[in-house]
Amino acid sequence: MTGTANDTTRHASEPRIVPATATDGLDIAAFTVEHYPGDALGIPAARPRLNWTYAREVPADAQILLTLTRRTPGSAPREQHTYLPVDGNVLVPWQFEPLVSREEAAATVQVVSASHQPLGAPSATLRFEAGLFDEHDHVADFVGPSWAEAESDHRHLPLVRTEIELKAVPVRARLYLTALGLVEAEINGRKVGHDALTPGWTNYDNRVEMWTYDVTDALDAGANAMGFWLGDGWYRGRLGFDGGYANYYGDRLGVFAQLEVEYADGTTDAVYSNSWDRRWKTALGPIVCSDLCEGERYDARLEMPGWSEPGFDDSDWKPVAEVFYDPARIENPSVSPVRAHERHDPVSIELIGSTDDGRGVWLVDFGQNCTQRIRLNMRGLDAGQSVTLRHVEVLEPDGTIATRTLRRGQQCDVYTSDGADAWWEPRFAMHGFRYAQVEGFAGELTADDMDCRVYHSVMTRAGDLETSDPLLDRLHANAVWSMRSNFVSIPTDCPQRDERMGWTGDICLFAPTAAYLYDVHGFLSNWLKDVRADQVKWGTVPFYVPFVPLGVWAHPQAISTWGDSAVEVPWTLYMESGDPQVLADAWELSRDWIDEVAGYLSEDGVWDRRPDYPLGQLGDWLDPTAPPEDPTQAMTEKELVATAFYARSCAQATRIAEILGHEEDARRFAALRDKVTAGFLARFTHLDGTMTSDTQCAYALAIAFGLLDGEPVRKVKAGNRLACLVRESGGKVSTGFAGTPFVLPALTMTGHNEEAYALLTSTECPSWLYQVTMGATTTWERWDSMRPDRSLNPGGMTSFNHYALGSVAEWMHAHIGGLEAIEPGWKRFRVAPVVGGGLTHASTSHLTPYGTAAVSWALADDDPAAVDLTVTVPVGATAVVDVPGHETEELAAGVHRLRLAR
Ligand code: BGC
């Protein structure tokens, strides 16, 4: 869109909003910047794009008055405004001169008439602020312990402190904070911000995120103090499985802290962490050791009351030492932080034993498996007495806590008391659990003694689904919980055992579902930067990102599905947001993946060469017929799976190249797509529609990826064969990770909705609802992570919280609810609910860039042959109603009620 930019810089005292004298309610529903959920501090963009949505239709000749008040510290505010057309309200290019480092912006938008008279109230004020753009803005150094630390991965953790003198109470103060390791900051004894696991996991060799905090209210005139807890985290903690890898990025912890203040008289001041002014000191703190997976040990006897307050005697603290890190690698985040969310109250608390000294051992059930942490009231303990908290996902059949499946990541916290009552929560460990065993609690443990909080990255909820079947609703809720549990800084496979890696295949399969559930743009595009960095470093898209060489996976090689995340994830984000920038940012990643794999194809276009490491392709990983100890032993040929995914990636990459204007690449990729598709058909399909692998996975991929679109008869036959296999299986699922997201879509695409519903609603093992009937509150890694006799799958890899199999929620949104984007950014979307499965009603909603789209349907009370449908179309988008027996109809903005024949 082109703005009629007519910037006028006015003095701040002038009114910046035209008073809404005669509003007829043409209000702005939401106003956001870039892909942030709301106000944003420390953003990386100098020209951030703005988005707003309308509460109702606006006249085409109306305009938008965009008003901006901007200010850099130490200078007077400036006000600017411009008028814009009403119809380009998503990712509107920046209309003013670029922001500079630290610049604050407060903006509103308001609908006005062609003659600039207000037609509605101005939006709520959106506030955003530039981060530190230039490497020379990073004046602080990373500082940490100056002593030789033990050669161990269980090191006693340090504190860092400093004191500062301020000449007056500041009117503005910012703390720019990051660390090599994890950090929590305190000012004058109070925690700064609400974030956890700061700065998050990035490939620290390339970049680290620096977070901006508004600390204006924390500072006083005169003496102030800042204190920093440091933790190992991903930087030097033991990462991953097979014994893990400690000190991968470095072995010395360091905090980077830059405090910048502004006084009422316009003067400014700053304090920078450093090792040379002798004002920054360090000492060992009460965290004896902490590992993200293993847990935290804390000894309250080592606390130093007042350590982050002014006047504390730190004469026996040591001067800090600098840890060098290239300031050019410090980034302003485009992602949101990890934070605590809602509280889980226990559903049961049971006394199950006692410690040697007679204190209780309690089993607490929080009713929900997820990533969470307990804050426990450590009351009535003598100095030196410890309370141990063990966290598990499930119980063994005999009722004891199941710790085997956690492997080394035992999720065990130990708190040792100093004799004073205190509330305590680990700082640098995170746990995936439903049950906690609390050992050594003095007295009776009650719900009031625990504050258990859910943790994950901050994301806006984008969509929901509700049906008349409580089992399906629980299945959907489980998919949401597994997503939340694993969207903690990076997209992980699982949140509990000694793994928690950014497995690329898991998110390749789950990304479209994730986008239905939450706005994941900032989160996943941030992770894609590391995928690219690791691709450059390792010469391929590694198995997991950030990549750490571990066990049999130490030497990355291209594997299908996992590597295809290089194309599928950016494409999903683009379809969801309509933002081509994500395609441009990931272009080299996507292109190089396509080019790399092109070199592994046989003459006929089939990917049957490489990888040549022990496991080979992972194929339809965790196919339920594969033995517990070898999840790659699937029924479907690995070459078939690899070629199908690659054909889809080539098709997507062709479209990406076209959108970005890379014409030569687009031609090359289109030719590759045609060759690979032809090779796939020739090698794996027969004229009668059957396939060389007569499996649900094979047919599902061929149909869902459009590989049979040029062979309509074969496609019909393949659909029939797939439906037949589903009927023969008696409703049991027979796909693993790769096939599962595509079985129901393929059945729907070929007109077999009855079989799709039969598969979805089966409760036989293996099936989605089998897990639900077994009491699952998250989606499991294996179809039978828990077996019908309640024993746990003996495989060494048995998690109860993996999101891959929850990818079925994509079909549930698109076909039970009936809401699906057909143009990037939901400009046009399809409304096509599939009435079936014994359901009497369903409803779904989705927060599109234009506002909320919704569908709700119910069997009509007064006519057994009719269905009542309500469709909500946000302003700026168009719905296409596409249901059998009803002529395709386009709906404009508004709420529409339709009666359809069943
Ligand atoms: C992870 C998976 C992952 C797989 C690949 C597992 O250990 O948990 O989700 O994709 O390994 O081999």
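This passage walks through the overall fold, two annotated domains, the ligand site and a few backbone details of a predicted model. Residues are numbered from 1 along each chain as its sequence is written, and side-chain values use heavy atoms, with hydrogens and water left out. Because the model is predicted, local features need pLDDT of at least 70 and side-chain atom pairs count only at pLDDT 80 or more, while totals for chains, interfaces and linings use all residues.

Start with the whole chain. The protein has 902 residues and a radius of gyration of 28 Å, which agrees with the value near 29 Å for a compact globule (taken over C-alpha atoms, the rule being 2.2 Å times the number of residues to the power 0.38). Along the principal axes, the C-alpha atoms fill a box of roughly 85 × 80 × 60 Å. Some 61% of the 902 residues are buried (under 20% relative accessible area, with exposed over 50% and partly exposed in between; 1.4 Å probe, protein chains only). The secondary structure comes to 15 helices and 44 strands, counted as DSSP runs numbered from the N terminus (helices H or I, at least four residues; strands E, at least two).

Two stretches carry domain names in UniProt, both from an unreviewed entry. Positions there follow the numbering used here, feature names are shortened, and annotations may be inferred rather than shown by experiment. The record puts "Alpha-L-rhamnosidase concanavalin-like" at residues 359-454, a stretch that is 52% strand and 0% helix, with its end C-alpha atoms 28 Å apart. "Alpha-L-rhamnosidase six-hairpin glycosidase" is placed at residues 461-816; here the chain is 52% helix and 3% strand, and the end C-alpha atoms are 19 Å apart.

Now for the ligand. Its shell consists of 13 residues, the closest being Asp-493, Arg-497, Glu-499, Asp-506 and His-802 (a residue is near if one of its heavy atoms lies within 4 Å). Seven of the shell residues are nonpolar, one is polar and five are charged; Ala, Val, Leu, Ile, Met, Phe, Trp, Tyr, Cys and Pro count as nonpolar, Asp, Glu, Lys and Arg as charged, and the others, Gly among them, as polar. A polar side-chain atom of Glu-499 sits 2.7 Å from a ligand oxygen atom. For Trp-562, an N or O atom in the side chain is 3.1 Å from an oxygen atom of the ligand, and for Glu-781 a polar side-chain atom lies 3.4 Å from one. The protein covers 97% of the 310 Å² of accessible area that the ligand has on its own (Shrake-Rupley method, 1.4 Å probe).

A few local spots are worth a look. Ser-485 lies in helix α2 (residues 470-486) and counts as buried, because its relative accessibility is 2%. Ser-485 and Tyr-455 are 30 residues apart in sequence but 7.5 Å apart in space, C-alpha to C-alpha.

Then there are the cis peptide bonds. One runs from Val-545 to Pro-546, with omega near 0°, and Pro-546 is in the loop between α4 (521-538) and α5 (565-577). Another links Cys-765 to Pro-766, again with omega near 0°; Pro-766 is in the loop between α13 (753-761) and α14 (768-773).

Positive phi turns up in residues other than glycine too. Asn-188, with phi near 50°, is found in the loop between β12 (182-187) and β13 (190-191) and is buried at 18% relative accessible area. Arg-407 has phi near 55°, belongs to the loop between β29 (386-392) and β30 (412-416), and is partly exposed at 25%.

Methods
Polar contact = N/O pair within 3.5 Å; in protein donor to acceptor, adjacent residues only side chain to side chain.
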